[in-house]
Amino acid sequence: MAETIQFDLVAPERAVASVRADRVEAPGAEGIFTVLPNHAPLVTVLAPGVVRYHAEGSETRIFVRGGFAEITPAGFTILAEEAVPVTEFDKEDIRQRIKNCEEDLSDSDSTEETRIFAARELEHLKEIKAAL
């Protein structure tokens with residue numbers, strides 16, 4: 001049996017993954033890194049992007065937005081600010097939501113509060129779109 005590493009991905013609202021993985025790829029602050037069994041200990045900040053883990057011959061992709069990653073002899077744990085399986089995104093819905101935010105930003109009738117919300121949402125949606 002091939003060696004595996006315990007991988008856990010947790011977001012504030014739920015535990016997203018807890019599996020024995022062959023390898024895990026994650027978006028670190030300095031670029032994408034790969035974790036294999038027996039990896040050296042490490043703590044790092046995550047960048048927005050897609051975590052890919054490979055287990056039992058298949059790949060699972062999860063969008064993460066910020067957080068921390070810790071590798072220890074016991075395994076690899078990600079504590080993400082946000083984590084959503086890529087399969088839960090609808091590309092057309094994201095495109096439409098980006099368009100709506102851009103319209104809110106350019107609309108002279110929008111309140112300052114609406115513009116601030118739209119700018120934050122637009123940044124978030126563009127991160128998701130880039131990751132997909």
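What follows is a walk through a few local features of this predicted model, from a buried residue out to the surface.

A good place to start is F7, which sits in strand β1, the stretch covering residues 5-11. With a relative accessible area of 0%, F7 is buried. Leaving aside residues up to four places away in sequence, F7 touches A17, S18, V19, A21, V24, V51, Y53, F76 and I78. Some of these partners can be placed: A17, for one, falls within strand β2, which runs over residues 14-21, and V51 falls within strand β6, residues 49-55. The contact with I78 spans quite a stretch of chain, as F7 and I78 are 71 residues apart in sequence while their C-alpha atoms are separated by 8.1 Å.

On the outside, there is a nonpolar patch to look at. V10, V45, F68 and L79 together make up a nonpolar surface patch of about 340 Å². Of these four, V10 belongs to the residue range of strand β1, just like F7. V45 is in strand β5, which takes in residues 42-45. V45 counts as partly exposed, because its relative accessibility is 42% and the partly exposed class runs between the 20% and 50% cut-offs.

Charged pairs come next, and the structure holds eight salt bridges. One of them joins R14 to E88, with the closest N and O atoms 3.7 Å apart. R14 lies in strand β2 and E88 in the loop between β10 (83-85) and α1 (91-106), so this pair ties together parts of the chain that are 74 residues apart in sequence. R14 itself is partly exposed, at a relative accessible area of 34%.

Another salt bridge pairs R23 with E25, and here the closest N and O atoms are 3.5 Å apart. R23 also comes out as partly exposed, with 33% relative accessibility.

Over in helix α2 (residues 112-131), the side chains of E112 and R115 meet in a salt bridge of 3.8 Å, N to O. Because E112 and R115 are three residues apart in this helix, about one helical turn separates them. The two ends of the bridge fall into separate accessibility classes: E112 counts as exposed at 53%, whereas R115 counts as partly exposed at 25%.

Salt bridges also link up into a network, made of D93, R97 and E121. D93 and R97 fall within the residue range of helix α1 (91-106), while E121 falls within that of helix α2 (112-131).

Finally, the backbone has a couple of spots worth a look. Most residues other than glycine have a negative phi. N38 goes the other way, with a positive phi near 70°. N38 is found in the loop between β4 (31-35) and β5, and at 65% relative accessibility this residue counts as exposed. E56 is another case: not a glycine, yet with a positive phi of about 50°. E56 lies in the loop between β6 (49-55) and β7 (58-64), and with a relative accessible area of 81% E56 is exposed. Both positive-phi residues, N38 and E56, therefore sit in loops and count as exposed.

Methods: Residues are numbered from 1 along each chain as its sequence is written. This is a predicted model: local features need pLDDT of at least 70, side-chain atom pairs count only at pLDDT 80 or more; totals for chains, interfaces and linings use all residues. Side-chain values use heavy atoms; hydrogens and water are left out. Patches are made of residues with over 30% relative accessible area and no salt bridge: like charges are joined within 9 Å, nonpolar side chains (Val, Leu, Ile, Met, Phe, Trp, Tyr) within 5 Å. Accessible areas come from the Shrake-Rupley method with a 1.4 Å probe; for residues, only the protein chains shown count as cover. Helices (H or I, at least four residues) and strands (E, at least two) are DSSP runs, numbered from the N terminus. Buried means under 20% relative accessible area, exposed over 50%, partly exposed in between (1.4 Å probe, protein chains only). Contact means heavy atoms within 4.5 Å.
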